[in-house]
There are 2 protein chains.
Amino acid sequence: MHHAEHTVTVDAPVDLVWEVLVDVEGYPAIFPPTQGVEILQSRPGQQIVRLDVEVNGEIVSWTSQRDIDAERRVIAYRQLETAPIVQHMAGDWRAFPFGPDRTQLVLTHDFAARVPPGGQLDLEQADRMLLAAVERNSTADIEAVKGEAERRVGVAVAS
Amino acid sequence: MHHAEHTVTVDAPVDLVWEVLVDVEGYPAIFPPTQGVEILQSRPGQQIVRLDVEVNGEIVSWTSQRDIDAERRVIAYRQLETAPIVQHMAGDWRAFPFGPDRTQLVLTHDFAARVPPGGQLDLEQADRMLLAAVERNSTADIEAVKGEAERRVGVAVAS
């Protein structure tokens, strides 16, 4: 099992960052590879969603449970049905207030690869691909949330 | 100018992590490359320190100003006299409480390289070396603080 943590400072108040994080239906607008989101179940503090994401030119789908702790501003996600090379994928989005106008945004991953059907990859290759994808996507995802939250600060200031 | 942020979750309360961060004279015991620390000036909220650090088998020294904000638990450091390939080096240590027993530890760097005396490296090579060193040292440094803070939790529980 691998563990990874990525972080970025966002020039936006924590409530604005949180607003971006909880709005899963807004993800296709801010994460370019995300093509579609369907909320399968929703109750206070928890969502089950299906995400359709473009990976290497193909649409891959998975189902995620999102446990939403608004007080601590933590969303713990866990893939219930995983993508082809994924054995396990879970982690947190965390938003920490850093003064009144800034936020420390953190994204963590706990993950393990598996051999995909078809016999084209062995476990070591799948593991290497998944490590690289998590590294690449983490940076893209935290930058996307940062960009959207900072854009909303601009809109709020201008209106 | 480059900007980098690294983070790790520490299984220790934020006050314990903060204790490790502010104790600059304890750095040689927790950061193996740090051979010596001398506090050149100390006043409330600020220290000027000289650090002797082993880099590629050689002892390199620099002087850092540390602005200590105990309320926000942020130490902003800035090299006053830089190491040979460093034009600019500054950043923060930040410790965020993540529940009562955990801490989100963040280390940031803002840095730029310069051509060192001697003509053995051009700016691009110096830049590449410095990027690699920051990446490597950031991971080592946050893991060292994590290790020491978690060791102290163990000691506190055992005593």
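These are my notebook entries on a predicted model with chains A and B.

**Entry 1: the layout of chain A**

I began by listing the secondary structure. Chain A holds three helices and seven strands. Reading from the N terminus, I wrote the order down as β-α-α-β-β-β-β-β-β-α. So a strand opens the series and a helix ends it.

**Entry 2: overall dimensions**

Next I looked up how far chain A spreads. Along the principal axes, its C-alpha atoms fill a box of roughly 55 × 30 × 30 Å. What does the radius of gyration say about chain A? It comes to 16 Å, and a compact globule with 159 residues would have one near 15 Å, so the two agree.

I also checked what is covered and what is not. Of the 159 residues in chain A, 45% are buried. The exposed surface of chain A is about 8,100 Å², and 51% of it comes from carbon and sulfur atoms.

Then contacts along the chain. I took the contacts in chain A with a separation of 6 or more, and 48% of them join residues 24 or more positions apart.

**Entry 3: charges**

How many positive and negative side chains does chain A have? I noted 14 positive and 25 negative ones. The centres of the two sets lie 2 Å apart.

**Entry 4: where A meets B**

I turned to the contact between the chains. Chain A puts in 15 residues, and chain B puts in 15 residues. Together they bury about 1,200 Å², with carbon and sulfur atoms giving 55% of that area. Which residues of chain B lose the most area to chain A? They are B:Glu5, B:Phe96 and B:Phe98, and together they make up 42% of what that side buries.

**Entry 5: A:Gln104**

I picked A:Gln104 next, and found it in strand β7 of chain A, residues 103-113. Is A:Gln104 buried or exposed? Its relative accessible area is 0%, under the 20% cut-off, so A:Gln104 counts as buried.

The neighbours of A:Gln104 come from both chains. Leaving out residues up to four places away in sequence, A:Gln104 touches several residues of chain A, among them A:Thr7, A:Val8, A:Thr9, A:Arg94 and A:Phe98. On the chain B side, A:Gln104 touches B:Glu5, B:Arg94, B:Phe96 and B:Val106. I recognised B:Glu5 and B:Phe96 from the previous entry, where they are among the residues that lose the most area to chain A.

One distance went into the margin: A:Gln104 and A:Thr9 are 95 residues apart in sequence, yet their C-alpha atoms are 4.8 Å apart.

**Entry 6: two places on strand β5**

I compared two residues of strand β5 in chain A. A:Ala76 is one of its residues, and A:Glu81 is in strand β5 too.

A:Ala76 has 25% relative accessibility, which lies between the 20% and 50% limits, so I put it down as partly exposed. Not counting residues up to four places away, A:Ala76 touches A:Gln65, A:Arg66, A:Asp67, A:Gly91 and A:Asp92. I also looked up A:Val24, which is 52 residues from A:Ala76 in sequence and 13 Å from it, C-alpha to C-alpha.

A:Glu81 is exposed, because its relative accessible area of 54% is over 50%. Beyond residues up to four places away in sequence, A:Glu81 touches A:Trp62 and A:Thr63. From A:Glu81 to A:Ser61 I noted 20 residues in sequence and 8.6 Å between C-alpha atoms.

**Entry 7: the loop before β5**

Here I checked backbone angles. A:Arg73 sits in the loop between β4 (58-69) and β5 (74-81) of chain A. Its phi is positive, about 60°, although A:Arg73 is not a glycine. In chain B, B:Arg73 is in the loop between β4 (58-69) and β5 (74-81), and phi of B:Arg73 is also positive, near 55°.

**Entry 8: helix α3**

A:Gly154 belongs to helix α3 of chain A, residues 123-158. With 36% relative accessibility, A:Gly154 counts as partly exposed. How far apart are the C-alpha atoms of A:Gly154 and A:Val134? They are separated by 30 Å, with the two positions 20 residues apart along the chain.

**Entry 9: one residue in chain B**

Last, I looked up B:Gln47, in strand β3 of chain B, residues 46-55. B:Gln47 is buried, at 11% relative accessible area. Apart from neighbours within four places in sequence, its contacts include B:Val22, B:Val24, B:Ile39, B:Ser64 and B:Ile68.

Methods. Residues numbered from 1 in each chain as written. Chains lettered and ligands numbered in written order. Predicted model: local features only at pLDDT ≥ 70, side-chain atom pairs only at ≥ 80, totals over all residues. Heavy atoms only, no water. Helix = DSSP H or I, 4+ residues; strand = E, 2+ residues; numbered from the N terminus. Rg over C-alpha atoms; globule rule 2.2 N^0.38 Å. Buried < 20%, exposed > 50% of the residue type's maximum accessible area, 1.4 Å probe, protein only. Contact = heavy atoms within 4.5 Å. Areas by Shrake-Rupley, 256 points an atom, 1.4 Å probe, with all protein chains shown as cover. Lys, Arg positive; Asp, Glu negative; His and termini not counted. Charge placed at Lys NZ, Arg CZ, Asp CG, Glu CD. Buried area = accessible area lost by both parts, 1.4 Å probe.
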